[in-house]
Amino acid sequence: MSKTIAISQSNYIPWKGYFDFIAEVDEFVLYDEVQYTTRDWRNRNRIKTPQGPKWLTIPVHGSQSDSIDEVDIADNDWNEKHWQILRHIYNQAPFFSYWERDILRLYEQATFSRLSEINRHFLVGITKLLGIKTSFSWSTDYNARGDRTERLISICKQANADVYVSGPAAKAYLDVGLFNKEGITVQWMNYEDYKEYPQLYGEFDHTVSILDLLFNTGPQALDYLKTAIQVEI
C-alpha cells in the first residue's frame, strides 16, 4: 500500500492551504530542527479586522542562531491575549459560536514553554476539528542524515513512504532526481484557484489564518479545501 508523507516547518494557526497540505498526506512530519526565521510564519499569522489585516504574534526568545524547536515563549499570557482579540474581532461572524468552545479550549491548553509545541498543539487540534485523519510526527523521531534533500529522503525511507508531497517553493532547491533513485515519487502542492467564502471586513483575503474560514463557514469549512473530498469525517 502506498504511503504519502510531507515534511514541513511548523506555523502558528496557518492559512487554509497548510491544512490542505496536511490533508493530502498520511503522515505530516514537523521539521523544526532547522533554523528559526524571524518575521516569518513560525510564531505569527494574520487575521482580518475592520482596520485591515492584523498580525497575531506569539512573543518569543529566539534568534536565527536557534533552531525552531529551541525557541522559548516570552510571555505566559500570550494565549489569553490572542483569544480576547479573536473573540472581539470574530464574535459577529456567522459561526463564531459554533467553534467558540473548541477554539477557546485550544487556547486555554496552549501553555507549553516552546514554540514548536504550541504550533503542533494547534495544528493537531484544528486538524481534528476538521475531521482530517493525518498522523503527526517530529523529524527528530527519525534518524535523518545527509544534506537538505538527503535528510528528507532519509525520513521518507524510515517512515516507509513512497510518495513525498512538497510545497511549490521547494522546486527551487529540491533534487527530485535523488528521490527518483530511491523509488520515491515527488508531488507538488497547488495553492491556486481556491474558492472564496463569505468573509467579514471588506475585500476578500485568501491568506489569513484558517480561523477566519472556521468562524465564517462553520461545518462547511471543508468545502473550501481542495482535498475535502478525500477526507473521511
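The exercises below, each with a worked solution, concern a predicted model.

**Exercise 1. The sheet**

Determine the strand order of the open sheet of five strands and state which strands stand at the edges.

Solution.
- The order is β7-β2-β1-β8-β9, and the pairing is parallel.
- β7 and β9 (185-188) each have a single partner strand, so one side of each lacks a neighbour in the sheet and these two stand at the edges.
- On average, neighbouring strands of this sheet are turned by 30 degrees against each other, with direction ignored.
- For the pair β2 and β7, four bridges join the two parallel strands.
- Glu27 has Ser135 in β7 as its bridge partner.

**Exercise 2. Two helices on the sheet**

Find which strands α1 touches where this helix packs on the sheet, and do the same for α4.

Solution.
- α1 touches β1, β2, β7 and β8, and its direction makes about 125 degrees with that of β2.
- α4 touches β2 and β7; the angle between its direction and that of β7 is about 170 degrees.

**Exercise 3. The covering of α1**

How many of the eight residues of helix α1 (residues 16-23) are buried, and against which elements do they pack?

Solution.
- Eight of the eight residues are buried, and the helix is described as mostly covered.
- The buried residues include Lys16 and Asp20, along with Phe19, Phe21 and Ile22.
- Their packing partners are β1 (4-8), β2 (27-30), α4, β7 (135-138), β8 (163-166) and α7 (210-217).

**Exercise 4. The nonpolar core**

Identify the residues with the most contacts inside the largest nonpolar core, and the helix that gives the most to this core.

Solution.
- The core has 72 residues, and those with the most contacts inside it are Tyr107, Leu130 and Tyr164.
- Helix α4 (residues 115-130) gives the most, with six residues.
- Outside its own stretch of sequence, up to four places away, Tyr107 touches nine residues' worth of neighbours listed here by name: Tyr12, Ile13, Trp78, Asn79, His82, Trp83, Leu86, Phe122 and Leu211.**Exercise 5. The setting of Asn45**

Is Asn45 buried or exposed, and which backbone oxygen does its side chain reach?

Solution.
- Asn45 lies in strand β3 (residues 44-49).
- Its relative accessible area is 2%; buried means under 20%, so Asn45 is buried.
- The side chain of Asn45 reaches the backbone oxygen of Tyr12 at 3.0 Å.
- Leaving out residues up to four places away in sequence, Asn45 touches Tyr12, Ile13, Pro14, Trp15, Lys54, Trp55, Leu56, Thr207, Val208 and Ser209.

Definitions and conventions. Residues numbered from 1 in each chain as written. Predicted model: local features only at pLDDT ≥ 70, side-chain atom pairs only at ≥ 80, totals over all residues. Heavy atoms only, no water. Core = buried A, V, L, I, M, F, W, Y, C linked by side-chain atoms within 4.5 Å. Buried < 20%, exposed > 50% of the residue type's maximum accessible area, 1.4 Å probe, protein only. Contact = heavy atoms within 4.5 Å. Pairing = 2+ DSSP bridges. Axes fitted to C-alpha atoms, helices over the stretch in contact; angles between N-to-C directions. Polar contact = N/O pair within 3.5 Å; in protein donor to acceptor, adjacent residues only side chain to side chain.
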